[in-house]
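Me: I've got a model open and want to go through it with you. Mind if I just fire off questions as they come up?

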Amino acid sequence: MNTEKNQANKQLVWDYWAQLKPANRASLATIIEQHATANATWTGPAPIDSLDGAEAVAGTYWEPLFNALPDLTHDITIFFGGASNGRADGSPDGREWVCGLGNLTGTFTNDWLTIPANGQRVTLRWSEFCRIEDGKIADTYVLLDIPDL
């Protein structure tokens, strides 16, 4: 994959993450639709598991998270992209990825995933892996350090 394409992929995901914030709650599904393919999948931790489509991701993941942490910030510590060497022999599989990790921070004001709110500022470590296809996010894999929360 050439550098220009890799940079475009990273810009796509950077812009997407920058727009996912509590102030944009009313337009979450639209933001997701603008950055993802029509049949994009989202896979995260239990009990959320797998979601298909912008409405499901907005309503099942982002809305409850923003409800629990209404002042949530999405801090990025590491951010990178490139082509994967996903085959068993180490040869390229042609898939393009953009990945990042960091902290989600906010005041835990409402229960989330049956975890009782404590009214305190909390930090939730996260990582996200986005597979890019034709300039859009096709698959997203999210890891959250829920046990630490």
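Me: How much space lies in the largest cavity?
Reply: About 40 Å³. Keep in mind that this is a predicted model. The structure holds 1 cavity of 30 Å³ or more.

Me: OK, and which residues line the largest cavity?
Reply: The lining is made of Y61, W62, H74, L104, W126, E128, V142 and L144. The elements giving two or more residues to that lining are α3, β5 and β6. By class, the lining has 6 nonpolar, 1 polar and 1 charged residues.

Me: Y61 and W62 in there caught my eye. Are they buried or exposed?
Reply: Y61 is buried, with a relative accessible area of 2%. W62 counts as buried too, at 2% relative accessibility.

Me: Switching to aromatics. How many aromatic pairs does the structure hold?
Reply: It holds 7 aromatic pairs. One of them is W14 with F79, an edge-to-face pair at 5.0 Å centre to centre, with 70° between the planes.

Me: Where do W14 and F79 lie?
Reply: W14 is in helix α1 (residues 3–19) and F79 is in strand β3 (residues 73–83), so the pair ties together parts that are 65 residues apart in sequence. And what about Y61 and W62? Their ring centres are 4.7 Å apart and their planes are at 65°, so that pair is edge-to-face as well.

Me: Back to W14 and F79 for a sec. How accessible is each?
Reply: W14 is partly exposed, with a relative accessible area of 39%. F79 is partly exposed as well, at 25%.

Me: Which residues form one aromatic cluster with W14?
Reply: W17, F79 and W126 join W14 in one cluster. W126 is also among the residues lining the largest cavity.

Me: Now pockets. What volume does the largest pocket have?
Reply: About 170 Å³. Of the 14 residues lining it, the closest to its centre are I32, A36, A40, G53 and A54.

Me: Which element gives the most to that lining?
Reply: That's β1, with 6 residues. Elements that each supply at least two lining residues are α2 (28–35), β1 (36–43), α3 (54–68) and β6 (136–144).

Me: How does the pocket lining split by class?
Reply: It has 9 nonpolar, 4 polar and 1 charged residues.

Me: Different topic: R131. Buried or exposed?
Reply: R131 counts as buried, at 12% relative accessibility, because the cut-off for buried is under 20%. It lies in strand β5 (residues 121–133).

Me: What does the side chain of R131 make polar contacts with?
Reply: Two acidic-end partners to look at. One is the side chain of E133, at 2.9 Å. Another is the side chain of D139, at 2.7 Å.

Me: Leaving aside neighbours within four places in sequence, what is R131 in contact with?
Reply: With R95, E96, W97, K136, I137, A138 and D139.

Me: And P64, where is that?
Reply: P64 is in helix α3. At 28% relative accessibility, P64 counts as partly exposed. Leaving aside its neighbours within four places in sequence, P64 is in contact with A58, G59 and W112.

Me: How far is the C-alpha of P64 from that of L113?
Reply: They are separated by 8.4 Å, and the two residues are 49 apart along the chain.

Me: What's up with the backbone at L113?
Reply: Phi of L113 is near 50°, a positive value in a residue other than glycine. Most residues other than glycine have a negative phi. L113 sits in the loop between β4 and β5, and at 23% relative accessibility it counts as partly exposed.

Me: What is phi of T114 near?
Reply: Near 65°, again a positive value in a residue other than glycine. T114 lies in the loop between β4 and β5, and at 81% relative accessibility T114 counts as exposed.

Me: Last one: is the peptide bond from A46 to P47 cis or trans?
Reply: Cis, with omega near 10°. P47 lies in the loop between β1 and β2 (50–52). Most peptide bonds are trans.

Key:
Residues numbered from 1 in each chain as written. Predicted model: local features only at pLDDT ≥ 70, side-chain atom pairs only at ≥ 80, totals over all residues. Heavy atoms only, no water. 1 Å grid on protein atoms, 1.4 Å probe; cavity = no way out; pocket = protein on both sides within 12 Å on 5 of 7 lines; lining within 4 Å. Points joined across faces, edges and corners; volume = space filled by probe spheres on them. Helix = DSSP H or I, 4+ residues; strand = E, 2+ residues; numbered from the N terminus. Nonpolar A, V, L, I, M, F, W, Y, C, P; charged D, E, K, R; others polar. Phe/Tyr/Trp six-rings, centres within 6.5 Å; stacked < 30°, edge-to-face > 60°. Buried < 20%, exposed > 50% of the residue type's maximum accessible area, 1.4 Å probe, protein only. Contact = heavy atoms within 4.5 Å. Polar contact = N/O pair within 3.5 Å; in protein donor to acceptor, adjacent residues only side chain to side chain.
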